[in-house]
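Here is a short set of exercises to work through with the model open beside you. Try each task before you read its solution.

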Amino acid sequence: MARTKEFDPDAALQAALELFWQRGYEATSMADLVERLGIARASIYATFGSKRELYLRALERYCEQSDSVRLLDLSQPGPALPAVRVLVRQYAATGERERLRGCFVTNTAVELAPHDPDASRRVEASLDRLETLLTATLVRAAAQGELPAGRDPRALARMLVVLLQGIRVVGKTADGATRARDAAEQALALLD
């Protein structure tokens with residue numbers, strides 16, 4: 001007879017996500033995971049596979065969570081550009097906790113994507129989803145007359161994706177918040 005799990009795999013995955021997001025992949029040991037998740041190493045392996053597999057599942061969870069929030073925020077009826085402005089300004093106005101953690105996708109792009117094809121594919125997929133969502137929002141803005149004629153919604157969306165990821169990297173530095181706010185406002189001026 002198979003034993004039932006004595007822990008909630010969903011809660012354990014969320015706890016792993018938080019730990020990896022805070023520390024990164026390399027700086028998180030299996031001992032750290034055992035302590036944070038409150039479950040035995042064998043249970044982690046049996047449920048999630050290796051540390052790397054757990055990390056990739058945590059990254060997928062993070063993407064699902066952030067994608068759903070962005071979709072909701074950018075898909076509201078009415079004017080589209082205000083939602084884009086809010087998103088960019090939210091990225092630029094991070095608190096201390098967010099500054100230190102950054103974006104899990106960006107962190108993965110910097111730490112693992114250069115040498116881990118699976119991590120790289122997940123990062124690319126996340127960036128593609130954000131670009132698609134921003135493009136759709138900017139196409140809607142153009143159709144509603146919110147963007148000046150001749151602006152390319154896809155090119156603007158790509159610029160914003162690069163800006164947002166750069167904000168998360170630069171935002172980790174001591175003076176990053178000022179740089180991020182200034183860069184965000186300059187980018188938003190391109191939408192006028």
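**Exercise 1. The largest pocket**

How much space lies in the largest pocket? Then find out which residues and helices line the pocket.

*Solution.* Keep in mind that this is a predicted model.

Step 1: Start with the volume: the largest pocket holds about 390 Å³ of space.

Step 2: Turn to the wall, where 15 residues form the lining. Nearest the centre of the pocket you will find Tyr 62, Ser 66, Arg 70, Tyr 91 and Arg 168.

Step 3: Assign the lining to elements. Two or more lining residues come from each of α4 (51–74), α5 (81–92) and α6 (96–101). The largest share belongs to α4, with six residues.

Step 4: Sort the lining by character, which gives six nonpolar, four polar and five charged residues.

**Exercise 2. The largest cavity**

How many cavities of 30 Å³ or more does a search of the whole structure find? Describe the lining of the largest one.

*Solution.*

Step 1: The search returns two such cavities, and the largest has a volume of about 40 Å³.

Step 2: List its lining: Tyr 62, Ser 66, Arg 70, Tyr 91, Cys 103, Val 105, Ser 126, Leu 127, Leu 130 and Gln 165.

Step 3: Look for the helices behind these names. Both α4 and α8 give at least two residues to this lining.

Step 4: By character, the cavity lining splits into six nonpolar, three polar and one charged residue.

Step 5: Go back to the pocket for a moment. Tyr 62, Ser 66, Arg 70 and Tyr 91 line the cavity and are also among the residues nearest the centre of the largest pocket.

**Exercise 3. One serine in the cavity lining**

Is Ser 126 buried or exposed? Place it in its helix and name its contacts.

*Solution.*

Step 1: Ser 126 belongs to helix α8, which covers residues 117–143.

Step 2: Its relative accessible area is 4%. The cut-off for buried is under 20%, so Ser 126 counts as buried.

Step 3: Leaving aside residues up to four places away in sequence, Ser 126 touches Cys 63 and Val 105. Val 105 and Ser 126 both appear in the lining of the largest cavity.

**Exercise 4. The whole chain**

How many helices and strands are there in the chain? Add its burial and contact pattern.

*Solution.*

Step 1: The chain has ten helices and zero strands.

Step 2: Of its 192 residues, 43% are buried.

Step 3: Among contacts with a separation of 6 or more, 70% join residues 24 or more positions apart.

Notes
Residues are numbered from 1 along each chain as its sequence is written. This is a predicted model: local features need pLDDT of at least 70, side-chain atom pairs count only at pLDDT 80 or more; totals for chains, interfaces and linings use all residues. Side-chain values use heavy atoms; hydrogens and water are left out. On a 1 Å grid over the protein atoms alone, a cavity is a set of points where a 1.4 Å probe fits but cannot get out, and a pocket is an open set with protein on both sides within 12 Å along at least five of seven lines; lining residues have an atom within 4 Å of a point. Grid points are joined across faces, edges and corners, and a volume is the space filled by probe spheres set on the points. Helices (H or I, at least four residues) and strands (E, at least two) are DSSP runs, numbered from the N terminus. Ala, Val, Leu, Ile, Met, Phe, Trp, Tyr, Cys and Pro count as nonpolar, Asp, Glu, Lys and Arg as charged, and the others, Gly among them, as polar. Buried means under 20% relative accessible area, exposed over 50%, partly exposed in between (1.4 Å probe, protein chains only). Contact means heavy atoms within 4.5 Å.
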